[in-house]
Each structure stands twice: as C-alpha cells, then as structure tokens.
Amino acid sequence: MAANTTKDAFSFSATAFDPAKVTETFRDFAEKGAAQSKDAYAKMKTATEEATKTVETTLQTAQAGTVELGLKAIDALRTNAEMSLSHMEALLGVKSIAELVELQTSFIRKQAEVTVEQAKAMQEAAKKVADTVVKPGKEAAEKVMSTFKAA
C-alpha cells in the first residue's frame, strides 16, 4: 500500500495539466507587459516633448532677457558719457577755484546718485529676467513631480 501512495504523490496526470491554459496565461502576461510598455513609452514621449518645449521657451526668454539687460547697460553708459561731457564743458567755463570745487563736488554727488539708480534698475531687470527664465523649468518640474505622485 505504501508503494501506491508514493506513486500517487509523484504521478503526473494528463487531466491536471492543460497546455491551452498555460498558453493563455502566458499570452495574457505578454499582452499586459506590452500594454504597460506602450503606456510607459507614451508617458516618456510626452514628458520628452514637454521638456523640449520648456527648454526652447527658456532659451528664448533668456535671449530676450539678455538683450534687455544689454540695452539697459548701453543706456547707462550713454547717460554717464553725456553727464561727463556736460561736466567737461562746464569745467571749461570755470572762473575760480571755488567754482571748480563746487562744480566738481556737485558732479560727483550727481554721478553717485545716478550710479545707484542705474545699479538698482539693473538689479531689478536681472531679477525679472532670472524669474522669467526659471519659471517654465520650475512649472515643468512641478508637473512631472505631480505626475509621479499621482501614479
């Protein structure tokens, strides 16, 4: 009787194994894997396209900002040159040392005020440009992070 129990435990029944079920299970597994791969590819493609658009926008914004900063710098140089030339013309008409000292002191004070104003304007423009350049990348990163949180 022990021999029959051992034979039953290790016997292979043709009715218990159905090749069609194994094939169907494997097919379902492969189809699910292919669907997941397609979905992952679609998400990656969308993310890549959005990243490309973000980079293009950022570069265009940076270029425009650089032009704006350059124009402000040129304007500052023009203002400083005009002030210096006007000061030189005024110096040519000086009739006394006291008038020279007064004129020079006034010029230096005015030049310092203008330089501070120009520095503030450049700083504000640079901050505006930096914020504008960083904004698309920040928004894209937040969008990507929200996609990962949702998934």
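**Close-ups of a three-helix model**

**Overview: the whole chain.** Three helices and zero strands make up the secondary structure of this protein (DSSP runs, numbered from the N terminus, with H or I over at least four residues for a helix and E over at least two for a strand). Read from the N terminus, the order is α-α-α. What you're looking at is a predicted model, where local features need pLDDT of at least 70 and side-chain atom pairs count only at pLDDT 80 or more, while totals for chains, interfaces and linings use all residues. Residues are numbered from 1 along each chain as its sequence is written, and side-chain values use heavy atoms, with hydrogens and water left out. Of the 151 residues, 10% are buried, meaning under 20% relative accessible area, with exposed being over 50% and partly exposed in between (1.4 Å probe, protein chains only). About 12,500 Å² of the protein is exposed, and carbon and sulfur atoms supply 64% of that; areas come from the Shrake-Rupley method with a 1.4 Å probe, and for residues only the protein chains shown count as cover. Now look at contacts (heavy atoms within 4.5 Å): of those between residues at least 6 apart in sequence, 75% join residues at least 24 apart.

**View 1: a nonpolar patch with Val 67.** Val 67, Leu 71 and Ile 74 make a nonpolar surface patch of about 280 Å². To join a patch, residues need over 30% relative accessible area and no salt bridge; nonpolar side chains (Val, Leu, Ile, Met, Phe, Trp, Tyr) are joined within 5 Å, and like charges within 9 Å. A salt bridge here is a side-chain nitrogen of Lys or Arg within 4 Å of a carboxyl oxygen of Asp or Glu. Val 67 sits in helix H2, which covers residues 19-92, and is partly exposed at 49% relative accessible area.

**View 2: Gln 118 and its contacts.** Gln 118 belongs to helix H3, residues 97-150. This one counts as buried because its relative accessibility is 16%. Skip the neighbours within four places in sequence, and Gln 118 is in contact with Ala 76, Thr 79 and Asn 80.

**View 3: Gly 70 and Met 122.** Gly 70 is part of helix H2 and, at 31% relative accessibility, is partly exposed. Its C-alpha lies 9.7 Å from that of Met 122, though 52 residues separate the two in sequence.

**View 4: Ala 130 and Ala 62.** You'll find Ala 130 in helix H3, partly exposed with 38% relative accessibility. Between the C-alpha atoms of Ala 130 and Ala 62 there are 8.0 Å, and along the chain the pair is 68 residues apart.
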